[in-house]
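Student: I'm new to this structure and would like a close look at just one part of it. Please choose a part and take me through it slowly, explaining the terms as you go.

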Amino acid sequence: MDLGAKLNGKRVLITGASSGLGENFARLAAGCKAKVVIAARRKARLEKLAKELEQLGAPQVTVIEMDAASEPSIDAAFAQIDASGDMLDVVVNNAGVSNDGLALTLPTKDFDDLMAVNMRAVWLVSVRAAQRWQAAGRGGSIINIASIQGERVMPGITPYSTSK
């Protein structure tokens, strides 16, 4: 499979793009000449990454400040994407958080905060993209990033493992 040919000219949204895997996915998409939409909470980091992606060959880079734990923030991100007039082709649900602590003593709020990003946001972002594709009578691709921790549990990260 020639990934470059598949992504060339496609508009790709990557959540959690301000660091780690998301940043690397953004670099990969830019190198394949995709139009990259990078979204995360840390806008300054995204703006720095945007300059790098342009140098890597992305024909267009859009920076969107988005808190994956917030439905209004996700809706605002999609409103910004819609305003460009250029529909997404690919969504990479990469945003994720972890927390430390034993499941038996972890506050419910910490569990809820983790699930809001690692599970609820994946669903919300996927639904928002799919609604637009359905309305336009076309399809798209959704890539959900998992973790090896979804296959096994290590002490102190049970909620994270559950979410993956």
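Tutor: Let's begin with a single pair of residues: Val91 has Ile142, in β5, as its bridge partner. The model is predicted, so local features need pLDDT of at least 70 and side-chain atom pairs pLDDT 80 or more, while totals for chains, interfaces and linings use all residues. Residues count from 1 along each chain as its sequence is written, and side-chain values use heavy atoms, with hydrogens and water left out.

Now step back from that pair. Four bridges join β4 and β5, which run in the parallel sense (strands pair if DSSP finds at least two bridges between them). Both belong to an open sheet of five strands with parallel pairing, in the order β3-β2-β1-β4-β5. At its edges sit β3 (60–65) and β5 (141–144), each with a pairing partner on one side only. On average, neighbouring strands in this sheet are turned by 15° against each other, direction ignored. Strands here are DSSP runs of E, at least two residues, and helices are runs of H or I, at least four, numbered from the N terminus.

Next comes the helix I'd like you to follow, α5. This helix lies across β1 (11–15), β4 and β5, and runs at about 175° to β4. Contact needs heavy atoms within 4.5 Å, and angles, from 0 to 180 degrees, compare the N-to-C directions of lines fitted to C-alpha atoms, for helices over the stretch in contact.

With 29 residues, α5 reaches 40 Å from its first C-alpha to its last, close to the 42 Å expected at 1.5 Å a residue (times one less than the number of residues). Follow the helix along and you'll find a bend of about 40° at Ala116 (between axes fitted to the seven residues ending there and the seven starting there). Just after α5, Gly137 takes a positive phi of about 70°.

The side chains of α5 are worth a look too. Arg128 and Asp75 form a salt bridge, 2.6 Å from N to O (a Lys or Arg side-chain nitrogen within 4 Å of an Asp or Glu carboxyl oxygen). Since Arg128 is in helix α5 (residues 108–136) and Asp75 is in helix α4, this pair ties together parts 53 residues apart in sequence. Arg128 counts as buried at 12% relative accessibility, whereas Asp75 is partly exposed at 32% (buried is under 20%, exposed over 50%, partly exposed in between, with a 1.4 Å probe and protein chains only).

Farther along α5, Arg132 makes a salt bridge with Asp82, and their closest N and O atoms are 2.9 Å apart. Here again distant parts of the chain are linked: Arg132 sits in helix α5 and Asp82 in helix α4, 50 residues apart. Arg132 is partly exposed at 25% relative accessibility, and Asp82 is partly exposed as well, at 38%. Shared salt-bridge partners also join Glu71, Asp75, Arg120 and Arg128 into one network.

The whole structure holds nine salt bridges. One of them brings us back towards the sheet: Asp86 pairs with Lys35, with 2.9 Å between the closest N and O atoms. Asp86 lies in the loop between α4 (71–83) and β4 (90–93), and Lys35 in strand β2 (residues 35–40), so far along the chain that 51 residues separate them. Asp86 itself counts as partly exposed, at 24% relative accessibility.
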